[in-house]
Amino acid sequence: MPCPHELEKPGKKIAENCEGLPLTIVTVANILSKADKTLEYWNKVADDKQNWVYNDAYDQMSKVLYPSYDYLDQHLKACFLYLGAFPQNNWVYGSQLSNVWSAEGFLNSKSMHYSETAMTSTNRTHAYLYELSSNNVIMYKIEVFCYRLHSSFWHLCNIEADKNKLFYALNYRSDALVEEGIESKRRLCIRNNVLLAIEDVHNAIASASTVRSLLCTGSFHEYPVPLCLEHLRLLRVLHALSVRFYEFPMEVVKLVQLRCLALVYDGNLPPSIFKLLNLQHLIIHRHLRIIQSVGNLSYLPVEIWNMKELKDLQIKGRDLPHPCRDGSLLPNLLKLGGVSPQSCTKDVLEKIPNLKVLLINIELAPDSTHPLSCFDHISHLHELEVLECDVVNPILNTKVVTPLAPLSNFPSSLTMLGLTGLGYPWEEMRKISSLPNLRHLILKCYAFRGPKWEVRDNEFQKLLNLQIEDTDLEQWTFQNDECIPGIKLLRIVHCYKLKEIPLTFGASLQMINVVDCNPMAVNCANKLKQDRDGKYGEDKHSLDLFVRSSWDDGNIKS
C-alpha cells in the first residue's frame, strides 16, 4: 500500500533519523506499519529521536548486530563498549579516546596483530580505531579525526556494557537511587551534569567509594557542581571536560591513583599537583580565551618537571616553565598540546626528547610586534610525528596575515603537519614538500597565501591526505604527472578565488570534497572525475566527488 501523501514529509524525516542504515529503516518501517497512520503520530515520531519506536527498533536489531561485536578481537571489545559511555550521536575526538583508554589499561595488550596500514598510525589508539572502523562498527569523520557510534550500535554497547559491568550510566535521578545501589560500580558515567547538584544523587555517588572512573559526558555545564571527590579516593580516571570549574578542586591532589585528569579551569594550577606522581594524562582546557600580552604569560608550576609518568600534557593557554633544576626531564611525554612558542625553546624541547605530537597555539596580543620563533628548534625532536601550529586570532589584511614564524628544518619523522593563519608565500612550501614521511597536510585560514601555487617535480611523494581551507589561491598547477603520486583524499573548503586545480592527479586519488568554492574549481573537479571514469570506468579506481555549496538548495554527490 502506497504511503499517504500527508505522511511523506514526516516519513522522510523518520528515515533521516535512521542515520542511513538500511536495517534501521526496515525495522522502524515494520514497527510503524503496525501503529497509527495519523499525521499527528508520525510527526511525533519524526520530531523525537528518543521515541520508543526507535528504541524498540534498536532492541530488535541488537540480536542481529550482536555478532558484529562478538566477533571482535578480545582487545577491541572493551574499547568498543566504552564508546557507549559518551552521549548518543556525539562525535568524540580520537585523542579523547586515547586518554581514557590508556588510563583504563585497555591499550596494554601484548598479543595483538595489526595490519601494515594500522601500524602506520601515530599510536596504538589509532590502530585500535582503525581496526574498529575496518569492522564497520564505528563511524569516522576524517576532516576532524572524530569517531562515533551509529545509534543502533550505541544502544547495543549500553546493553552489553551493563551485562559486562563495564560502566554504569546516570541519565536521570532515578538511576542513582536504584534498589541495589551503586556502591559496587567501578565506572560511573554522568550523562546529565545537573544530577551532581542533587543532594541524594550526590550522596549516592559519594557512597560508591570503590569507583575507579568518573566520566562527565553530558552537555557542557557552566555552573559549579560538587563532584564529591573526597570520597572517591581510588579514582584512576576523572574526565570532566563538560563541567566548568571556577576554582581548582583541591581534593584532586589527594587522588594519588589518578592516571587521567581532564578539567575545564581558567586559573593557575597549584604546585601541589606534583603529588599526582602516577598521572599519565593531564588535560586542562580553558573556558575563556584570554589574549595574553608579551611578558604576561601563564606557566605551569615548575613542579611539573617532577611528574615523570606524564605521557600526554594538554594545557591550553599555559606553557611549560623553564627547566631550571637538575633532573628536569619528562622522558615519557609523547604529546604536548595547547602551548605557545614560549614552550618551544631549545631548553624546554631538550627535556622532552621522546615527544611524538606537538600542538602549538599562537594568540597574537594587541601589542605583539616580535617575529615568532616556534619552529627554530623543532628539528631536535627526532621522534616527532605530528605537528600543528594554529594562530587562533590571525590578523587579516591585504598585505600580511601575521608576523611570520620562519619555517625551519622539520624532523624527517614527521607524518602529519597542520598550519593555520601563518601566511607563508607558496614558495616556502618547498621546505615541507620534501619531507620523506609526510602523509597528512592540513592548511587552514591563509596558512599560505598568494594567487599561484605550482607543485614541482617529485614533491610530496608519500602524501595521502591534503586539506586546504580559506585561502586566496587562484591557480593551482602541477609541473608534471609525478607530483603528489599517492594522494587518496583531497578536501578544498572556502577557496572562493580558486579557478584552477590540477587535472593530472594519479589513479590513487579516491575522494575529492569541495565545499563553498569558486564554480570554476568545481568544474575542474567534475572534469577530473569524468576523465577518471572515462579512463578506468566506474568500478576500477573509482573517484568519489562530493560538492557542497551553501548557496545551493542541497548537496551534489557524484
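1. Buried here means under 20% relative accessible area, exposed means over 50%, and partly exposed is in between (1.4 Å probe, protein chains only). The model is predicted: local features need pLDDT of at least 70, side-chain atom pairs count only at pLDDT 80 or more, and totals for chains, interfaces and linings use all residues. Residues are numbered from 1 along each chain as its sequence is written, and side-chain values use heavy atoms, with hydrogens and water left out.

2. Strand E21 spans residues 489-493, and five of its five residues are buried. Helices (H or I, at least four residues) and strands (E, at least two) are DSSP runs, numbered from the N terminus. Leu489, Arg491 and Val493 are buried on one side of E21, and Leu490 and Ile492 are buried on the other, leaving both faces covered.

3. E21 pairs with two strands, where pairing requires that DSSP finds at least two bridges. With strand E19 (residues 465-469) the pairing is parallel, over five bridges, and Glu469 stands opposite Val493. With E22 there are also five bridges, again in the parallel sense; here Leu490 has Ile512 as its bridge partner.

4. Helix H14 covers residues 519-536, 18 in number, and reaches 26 Å from its first C-alpha to its last. That is close to the 26 Å expected at 1.5 Å a residue, the expected span being 1.5 Å times one less than the number of residues. At the N-terminal end Asn518 acts as a cap, with a side-chain oxygen 2.8 Å from the backbone nitrogen of Met520.

5. Buried residues of H14 include Ala521, Val522, Cys524, Ala525 and Leu528, as well as the charged-type names Lys529, Arg532 and Asp533. Strand E22 (511-515) and strand E23 (544-548) are among the elements that cover them.

6. A nonpolar core is a set of buried Ala, Val, Leu, Ile, Met, Phe, Trp, Tyr and Cys residues joined through side-chain atoms within 4.5 Å. The largest has 117 residues, and those with the most contacts inside it are Leu238, Leu358, Phe375, Leu419, Ile432 and Trp476. H14 provides the largest share of this core, five residues. A second, separate core of 53 residues includes Ala35, Tyr54, Ala57 and Leu72.

7. Contact means heavy atoms within 4.5 Å. Leaving aside neighbours within four places in sequence, Leu238 is in contact with residues including Leu214, Leu227, Val252 and Leu258. Ser62, in helix H4 (residues 52-70), is buried at a relative accessible area of 10%. Not counting residues up to four places away in sequence, Ser62 touches His155, Leu156 and Ile159.

8. The whole structure has zero disulfides, a disulfide being a pair of cysteine sulfur atoms within 2.5 Å. The sulfur of Cys389 is 3.9 Å from the closest cysteine sulfur, in Cys374, which is too far for a bond. Cys389 is buried, with a relative accessible area of 0%. Cys146 is also buried, at 5%.

9. An open sheet of three strands has the order E1-E3-E2 and antiparallel pairing. Strand E1 (92-93) and strand E2 (139-141) are at the edges with a single partner strand each, so one side of each lacks a neighbour in the sheet. E1 is joined to strand E3 (residues 146-148) by two bridges, and Val92 stands opposite Tyr147.

10. His126 lies in helix H8 (residues 124-134) and is partly exposed, with a relative accessible area of 28%. Its C-alpha is 7.3 Å from that of Gly94, although the two residues are 32 apart along the chain.

Terms used: Polar contact = N/O pair within 3.5 Å; in protein donor to acceptor, adjacent residues only side chain to side chain.
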